[in-house]
Amino acid sequence: MSKTEYKICCIGSNLESFECLNYLVEQGCDIHTLITLPSGRSKNVSDYYDLHDFCDTHGINVVDTINVNSDETVQALQSLGPDYLFTLGWSQIFKAEFINCFSEFVVGTHPSKLPYGRGRAPLPWTILEDLRSSAVSFFKIDTGVDTGSLIFQKEFDIPPRTYVKDLYSEVATQLGLGFHEIYKSITNNEPITFTPQDEQGATHRGKRTPSDGLLEFHHKITEVEKLIRAVSEPFPGAYCYYKDRKITFWEVEFDKEDNYFGTIGQILKKNRTGILVQFSDGKLWLNRPGDANGDPIDMKIFRIGDKLGYSLQDEIFMLKNKLHT
């Protein structure tokens, strides 16, 4: 593909951004500038990916920012005179002054079939809702949250028992394909149409935090199994406490034999990769345990018959006794 006369920029700072940007470069797209987080600014971005070396290798100009709506960032972009922006992975809402830095328009994306599923944490919510199909929506971004007029949607199926990392990979693939189509339309001077979203079908998903990954042993095993798959890598993971340590379980399986029974939260059996644990309505294998630093945990620490988690009433009783002595 020949060099475009337009200045097409991208914005992103996570693994999804890298995979999409890499695909565009492989297809010969001429990306003028990447707006991204400064190196080392990974706080609050669980899937952060430093793209500076990639941009240096491929001759892509970089604008670092932690706030795209700041005067400094807006002035830096205005000095470049950019035409389009492709949003590869950025959670901050764009204000009008930032959007107006681009002479044509800003392309936003969201991994749901908009107007369904606007808002935060779309991939974990997709698994928690047990959806069997979804889409990546490409739209002309405005100052709302996922409210802009649609350019197109790229739909895909979701196999049963999908982990979030596999869904993440599928979305990254669809992002690359979709942005390449838009790039070709721009550089070939083909018309791009915009279709307003139907507000009647709009739904909104709430923010999720790492503490939403706490394993509750009185919950149903179908809900716990979905939770572990929904918040596994590249997200913070599902966790509980054992022997005063925070332990994250990255994988999960249903118990196929169904010949062990115990009290809720009890370890019933273990093997080289995980432990069989009793929940309110069944058992699950909680596999690939890791510590707070993400390192694997030696299976020797788990003792059959022990319980995971804290017994709140017993813990409060012991603390009050210590305070009174």
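Visitor: In β5, which residue is the bridge partner of Y84?

Guide: F105 is the bridge partner of Y84 in β5. Keep in mind that this is a predicted model.

Visitor: How many bridges join β4 to β5, and do they run parallel or antiparallel?

Guide: There are 3 bridges between β4 and strand β5, residues 105-110, and the two strands run parallel.

Visitor: What about β1 and β4, over how many bridges do they pair?

Guide: Strand β1, residues 8-12, pairs with β4 over 5 bridges, in the parallel sense. One of the paired residues is G12, whose bridge partner in β4 is G89.

Visitor: Why is β4 largely enclosed by the rest of the structure?

Guide: Strand β4 covers residues 84-89, and 6 of the 6 are buried, so the strand is largely enclosed by the rest of the structure.

Visitor: Back to G12. Which side chain has a polar atom 2.7 Å from its backbone oxygen?

Guide: That is the side chain of T36. T36 sits in strand β2, which spans residues 33-36.

Visitor: Is T36 buried or exposed?

Guide: T36 is buried, because its relative accessibility is 2% and the cut-off for buried is under 20%.

Visitor: What does T36 touch, not counting residues up to four places away in sequence?

Guide: With those neighbours set aside, T36 touches G12, S13, L51, H52, V62, V63, D64, T65 and W90.

Visitor: Changing topic: where is D281 found?

Guide: D281 is in the loop between β13 and β14. Its relative accessible area is 43%, so D281 counts as partly exposed.

Visitor: Which residues does D281 touch, leaving out those up to four places away in sequence?

Guide: H219, K220 and I221. For I221 there is also a polar pair: its backbone nitrogen lies 2.9 Å from a polar atom of the D281 side chain.

Visitor: And how far apart are the C-alpha atoms of D281 and P296?

Guide: They are separated by 28 Å, with the two residues 15 apart along the chain.

Visitor: I221 is in α7, then. How many residues of that helix are buried?

Guide: Helix α7 runs over residues 221-230, and 8 of its 10 residues are buried, which leaves the helix mostly covered. The buried ones are I221, V224, E225, K226, L227, I228, R229 and A230.

Visitor: What do the buried residues of α7 pack against?

Guide: They pack against two helices, α5 (122-128) and α6 (164-187), and against the strands β10 (238-242), β11 (245-254), β13 (274-279) and β14 (282-290).

Visitor: Now empty space. How many cavities of 30 Å³ or more does the structure hold?

Guide: The structure holds 1 cavity of 30 Å³ or more. The largest cavity has about 50 Å³ of space.

Visitor: What lines the largest cavity?

Guide: R229, already mentioned as a buried residue of α7, is in the lining, along with T126, I127, D130, L131, R132, I158, P159, R161 and T162. By class, the lining has 4 nonpolar, 2 polar and 4 charged residues.

Visitor: Pockets too. What volume has the second largest pocket?

Guide: The second largest pocket has a volume of about 350 Å³.

Visitor: Which of its lining residues lie nearest the centre?

Guide: The lining has 15 residues, and those nearest the centre of the second largest pocket are F217, L308, G309, Y310 and S311.

Visitor: How does that lining divide by class?

Guide: The lining of the second largest pocket divides into 9 nonpolar, 4 polar and 2 charged residues.

Technical notes. Residues numbered from 1 in each chain as written. Predicted model: local features only at pLDDT ≥ 70, side-chain atom pairs only at ≥ 80, totals over all residues. Heavy atoms only, no water. 1 Å grid on protein atoms, 1.4 Å probe; cavity = no way out; pocket = protein on both sides within 12 Å on 5 of 7 lines; lining within 4 Å. Points joined across faces, edges and corners; volume = space filled by probe spheres on them. Nonpolar A, V, L, I, M, F, W, Y, C, P; charged D, E, K, R; others polar. Helix = DSSP H or I, 4+ residues; strand = E, 2+ residues; numbered from the N terminus. Buried < 20%, exposed > 50% of the residue type's maximum accessible area, 1.4 Å probe, protein only. Polar contact = N/O pair within 3.5 Å; in protein donor to acceptor, adjacent residues only side chain to side chain. Contact = heavy atoms within 4.5 Å. Pairing = 2+ DSSP bridges.
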